Amino acid sequence: MRRLLLIGLVACGGSQPVAPSAPAAAEPPAMAVAPAPAPPPAPARPEGHPSQDLIPRAVLFGNPERAAVKISPDGTQLAWLAPKDGVLNVWVAPIGKLDQARPVTSDATRPIRNYTWAMSSRYVMYLQDTGGDENYHVFRVDLRDGKTTDLTPYPGARVAIEKLTPSQPNAVAITSNDRDPKVFDLYKLDVASGKRTLLAQNTDGFADFVLDDQLVPRIAEKKLPDGGTQIVVAAGKAWKPFETIPFEDADSTSVVAVSPDGKAVYMADSRGRDTAALVAVDLATKKPTVIAQDAKADLNADVVFHPTKHTLQAVAIDYLKPTWKVLDPAVEADFATLGKLEGGTIEITSRTTDDKRWIVLSRGDQHAAHYYLWDHAAHKATLLFSAQPKLDEHHLAKMAPLELKARDGMTLVSYLSLPPAADADGDGKPDHALPMVLLVHGGPWGRDDWGFSSIHQLLANRGYAVLSVNFRGSTGLGKKFLNAGNLQWGKAMHDDLIDAVAWAVERGVTTKDRVCIMGGSYGGYATLAGLTLTPDTFRCGVDLFGPSNLLTLLATIPPYWGPIATVFHNRMGDPNTAEGKAILVAASPLTHVAAIKRPLLIGQGANDARVKLAESEQIVAAMKARHLPVSYAVFPDEGHGFGRPENNIAFFGLAEAFLSAHLGGTYQPLSKAELEASSMQIKDGRDGIPGL
């Protein structure tokens, strides 16, 4: 449960009743709304648009040819995700005979997106939910007989895989909330028999457990009423306090792992500094020793450990672009060579137990994942697969990392993509001002990163500049930046987005009358805030599963988020106090719906466990009551984020047609086959989508 975010954008339970909307008295009185200015005429090919054909949505949002490649711990087999009858399933092949690959799972409705090898190399385990409800089960496939077994058949429960270790090849540590939906108990699960053994019953409301390499729980973390974190250590069958992390550091300080000798813990720690450093803290003396730090970025993301010695080897640093700081001289040459692959960024997805072979993912801004087999002894990389080889046939947009300034001087790490032909001299400025889409990330306690983005590529290919901004409250950029977003939904967090638009206008990237805002989850909220709080700034908005009423959002969060509810209250506003409730009402787009002047497109999963269907339903109803232009699509087989490629293809088909009508870019009409393959139900505003 570490680093649990509120929300995220498209690929990346419970049924509590929906609380009532904000009181009518909190809304401004209805008033006549002037019609939106007529959009510029849609050219067949916008100025600066490349002459190449449009990249098909199926290439950008369809199934990858192969993805999530992992080598078995014994080094004899490869596994990956690939379509079987149009649905992503797990495939396995002998390491030297990839032409003998066979599917070992048979999910016919929902793609598998998360799987792992058991340490014995006999089994593959994967997580799957139902219709996006996020109640994941752990399934096991026996590669000897092909039989699939649900190892956690607990109706309505959510299960997660926490840790595997070579020292116990037949076991896996899991958490499950089948006993109490509000908390997760910790178990050891026998992969062969399915028998589970309780390791720790979560009667204290712990938000996280940390296990050592023998699958013994050593550390637990608990949220305190003031929003801080209490770290406790195991003392027999009890827990004793170890450290108390104040609220200002609580979301940038956490335990990463227990040291191999069990005498220390590795932590990401921002106490006494702005950005989180990687430190080792002695369990006996509590003395911290700094291992690595960076002045601009938190070191709390990817950490690489030796597969059996469990020693620290490298840590990721992600400011403008991800890089690696090598901590172990034994892998220094490996990272030096791998860092030269295609000029992108790398990630080690798996390693054999003997450490002779690695699977390395290389990703750049102009290509999706490329997977390599790395020979650790020979220092040789062999290309295995391109996840989306059809993308390699197209001229893709570059993504330029930027440092923008907010009105109060804060630095906003941002990313700009331009149509390839729009920047002839490659200076990161278009030859002519373009229509622009401000694409806002979810969370909000997450961040935008440099690298390949299907949405950036779609929009740039259709003739738009695309700008993504890490507004205050985003993570990974220091605690000052994170905490500057406290109680700033619809305020300074939104001002950062407006300041980024002003920068783009001043630089000549776009003009002030040709900007649309778009995003998912918090990005969907930002879209709704953009059209209500700053109604003259954006020509239109595209909202994917964004909350419209922060009171109802907080009243309907999943029950297992209870231990971290105080985080929401401290960062958004506490609905249990008059002051906090007033903050939430004022920041809710539904409160200001009468201010909307510009058209809105909404996409929503019916089974969303985080942002309930009612969040979209209530703002659609409010807009219709005021005769405001809204188009609304619901996906009955989706939750928070659309898992089925067919649904992504259909929604982004709507989105690009909608943007074309209001910004003047080009679009590829939705085909009958695309509509029929999707579950999409257009509830309202069909006439607002060209081509329908």
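# A first look at this predicted structure

At 16% relative accessibility, His 310 counts as buried, since the cut-off for buried is under 20%. That makes a handy starting point for a tour of this model, which is predicted. From His 310 the briefing moves on to a sheet of four strands, a hairpin made by S26 and S27, the aromatic pairs, of which the structure holds 22, helix H10 and two cysteines, Cys 516 and Cys 540.

**Around His 310**

- You will find His 310 in a loop, with strand S21 (303-305) on one side and strand S22 (312-318) on the other.
- A polar atom of the His 310 side chain lies 3.1 Å from the backbone oxygen of Thr 308.
- Leaving aside residues up to four places away in sequence, His 310 touches Thr 165, Pro 166, Asp 213, Pro 260 and Phe 305.

**A sheet of four strands**

- Four strands make an open sheet in the order S5-S6-S7-S8, and their pairing is antiparallel.
- The edges belong to strand S5 (114-117) and strand S8 (148-150); each has a single partner strand, so one side of each has no neighbour in the sheet.
- From one strand to the next, the twist averages 25 degrees.
- Within this sheet, strand S6 (residues 123-128) pairs with strand S7 (residues 137-142) over six bridges, in the antiparallel sense.
- One place to look is Tyr 123, whose bridge partner in S7 is Asp 142.

**A hairpin to compare**

- Strand S26 (residues 370-375) and strand S27 (residues 380-386) also pair in the antiparallel sense, over six bridges.
- Asp 375 stands opposite Lys 380 of S27.
- The two strands, S26 and S27, form a hairpin with four residues between them.
- In the turn of this hairpin, His 379 has a positive phi of about 55 degrees.

**Aromatic rings**

- The structure holds 22 aromatic pairs, and one of them is the stacked pair of Tyr 126 and Phe 139, with 5.2 Å centre to centre and 15 degrees between the planes.
- Tyr 126 lies in strand S6 and Phe 139 in strand S7, so this pair ties together parts that are 13 residues apart in sequence.
- Both rings belong to buried residues: Tyr 126 has a relative accessible area of 7%, and Phe 139 has 18% relative accessibility.
- Phe 206 and Phe 209 have ring centres 5.7 Å apart and planes at 80 degrees, so they form an edge-to-face pair.
- Phe 206 and Phe 209 are buried as well.
- Ring pairs also link a cluster made up of Trp 445, Phe 471, Trp 489, Tyr 522, Tyr 525, Trp 561 and Phe 568.

**Helix H10 and what covers it**

- Helix H10 spans residues 578-587, and its buried residues are Gly 580, Ile 583, Leu 584, Val 585 and Ala 587.
- The cover over these buried residues of H10 includes helix H7 (522-533), helix H8 (550-555) and helix H9 (565-572).

**Cysteines**

- Cys 516 is buried, because its relative accessibility is 0% and the cut-off is under 20%.
- Cys 540 likewise counts as buried, at 0% relative accessibility.
- A disulfide is a covalent bond between the sulfur atoms of two cysteines.
- To count here, two cysteine sulfur atoms must lie within 2.5 Å, and by this rule the count comes to zero disulfides.

Methods
Residues are numbered from 1 along each chain as its sequence is written. This is a predicted model: local features need pLDDT of at least 70, side-chain atom pairs count only at pLDDT 80 or more; totals for chains, interfaces and linings use all residues. Side-chain values use heavy atoms; hydrogens and water are left out. Buried means under 20% relative accessible area, exposed over 50%, partly exposed in between (1.4 Å probe, protein chains only). Two strands pair if DSSP finds at least two bridges between them. Axes are lines fitted to C-alpha atoms, for helices over the stretch in contact, and angles run from 0 to 180 degrees between N-to-C directions. A polar contact is a pair of N or O atoms within 3.5 Å; within protein, one must be able to donate a hydrogen and the other to accept it, and residues adjacent in sequence count only if both atoms are side-chain atoms. Contact means heavy atoms within 4.5 Å. Rings of Phe, Tyr and Trp (its six-membered ring) pair if their centres lie within 6.5 Å; planes under 30 degrees apart count as stacked, over 60 as edge-to-face and the rest as tilted.
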